[in-house]
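Hi,

Here is the structure I promised to pass along. Have a look at it first, and my notes on what turned up follow below.

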Amino acid sequence: MKENKIEDRIHIMDLDTVALDEQERAVVIIDQTKLPYSVELLHLTTAQQIWDAIYLLQVRGAPAIGVAAAMGMYVLASRYDAVTYDEFYAAFCRDKEFLDSSRPTAVNLSWALKRMEAVVVSHDKDTISQIVEALHQEALAIRDEDIWVCHQIGAYGVSLLKPGDGVLTHCNAGKLATVRYGTATAPIYLAEEQGYHLRVFCDETRPLLQGARLTAFELQESGVDTTLICDNMSAMVMKNGWVNAIFVGCDRVAANGDTANKIGTSVVAAVAQQYGVPMYICAPTSTIDLDTPTGDDIVIEERKPQEVTEMWYENRMAPEGVKVFNPAFDVTDHSLIAGIVTEYGIARAPYTESLRDIFARKQQGTADENH
Ligand code: MRU
């Protein structure tokens, strides 16, 4: 791995969260485990480095993981010494399966890897260098689409806000979870550009503190009025009438609208229903999985107990040997969701139909003019 570059004065909003170093053929990521105090760039060139970066959450957030995996497959494939198509395809499948095993819940990972594989399969009569170039172009297309998609989600999402609104968000579905803009933060950034002066509450998001370390950081860097709260404070903030809307991201939306997102999201949704606050899921269509019928069919990643018992403390904060349950995501029932904001419009209940409509619009390349 190339030596890490530590550039403390870099403004993260000026960097793409995931990028390709064309000359060195490396995936370049902002190491999110070092934020907010150090902006460190990692150059990834091997399958193990890319797998580790995804597993360790150095790059995280469903769309960013997808882009990193796509770029990673190009980087890896460009280094194969395969002579025949079969050798090339076998090496590709090995790496693809390996990267796909890094995290199970965010569908963007397997979605991006499948897109890259389809390129290899459809170029089976081409030379190896032509296939590699096609993979290069596909990885760049996936990146460019991510930027466009987030921008569109911002445009639809802002129609749900009024100047002066209070917004609550959970985890980080921000710029740091995508290439630029974010999904849940895109409406916030756009509203700010339009002078809405929102007040944003960020849940800190136990156990890995994506809200405190990442969302609070990027919103504050961008001049948004940001208040950090512990996860167990959101009910009070909502009861006080300080929140007009909730925007969160997602890792997989099932065909019936059930949505997996960072652990704790379903608690926010239940509390929001209690206080009459609409909860919106910001979802690129790459995160909507019509092949998964309901939330019960979504595989939920479980992570190490140490993330709960000791990771952020100088001294361990739980008794040795205590049992720990540490799921990384939970599923919010579709009945608690006011709308799913996609790049092709806002889906409303019943989601089984409205999500299919969104995909029909995607196929036709038309956005919803009603929003
Ligand atoms: O474990 P993480 O940090 O990858 O979890 C991220 C989330 O849950 C995000 O809300 C989700 O991936 C959407 S990102 C636009």
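One bit of bookkeeping before the ligand site: Ala, Val, Leu, Ile, Met, Phe, Trp, Tyr, Cys and Pro count as nonpolar, Asp, Glu, Lys and Arg as charged, and the others, Gly among them, as polar. On that scheme, the shell around the ligand splits into seven nonpolar, six polar and four charged residues. Keep in mind that this is a predicted model.

There are 17 residues around the ligand, and those that come nearest are Arg60, Ala62, Arg103, Asn261 and Lys262. For polar contacts, an N or O atom in the Asn261 side chain is 2.6 Å from a ligand oxygen, and one in the side chain of Asp251 is 2.9 Å from a ligand oxygen. Gly61 joins in through its backbone, with an N or O atom 3.0 Å from an oxygen of the ligand. On its own the ligand exposes 410 Å², and the protein buries 100% of that.

As for where this happens, the ligand sits in the largest cavity. Helix 2 (62–77) and strand 10 (259–262) are the elements that give two or more residues to the shell. Domain 1 (2–149) and domain 2 (153–364) each supply at least three shell residues.

Now some backbone oddities, in case you set up a simulation. Most residues other than glycine have a negative phi, and most peptide bonds are trans. Leu35 and Pro36 are joined by a cis peptide bond, omega about 10°, and Pro36 lies in the loop between strand 3 (26–30) and strand 4 (40–44). Arg206 to Pro207 is cis too, with omega near 0°; Pro207 lies in the loop between strand 6 (199–203) and helix 7 (210–221). Finally, Arg25 has a positive phi, near 50°, and lies in the loop between strand 2 (18–21) and strand 3.

Cheers

Methods
Residues numbered from 1 in each chain as written. Predicted model: local features only at pLDDT ≥ 70, side-chain atom pairs only at ≥ 80, totals over all residues. Heavy atoms only, no water. Near = heavy atom within 4 Å. Polar contact = N/O pair within 3.5 Å; in protein donor to acceptor, adjacent residues only side chain to side chain. Areas by Shrake-Rupley, 256 points an atom, 1.4 Å probe, with all protein chains shown as cover. 1 Å grid on protein atoms, 1.4 Å probe; cavity = no way out; pocket = protein on both sides within 12 Å on 5 of 7 lines; lining within 4 Å. Sits in = over half its atoms within 2 Å of the grid points. Helix = DSSP H or I, 4+ residues; strand = E, 2+ residues; numbered from the N terminus. Domains from an automatic or database assignment.
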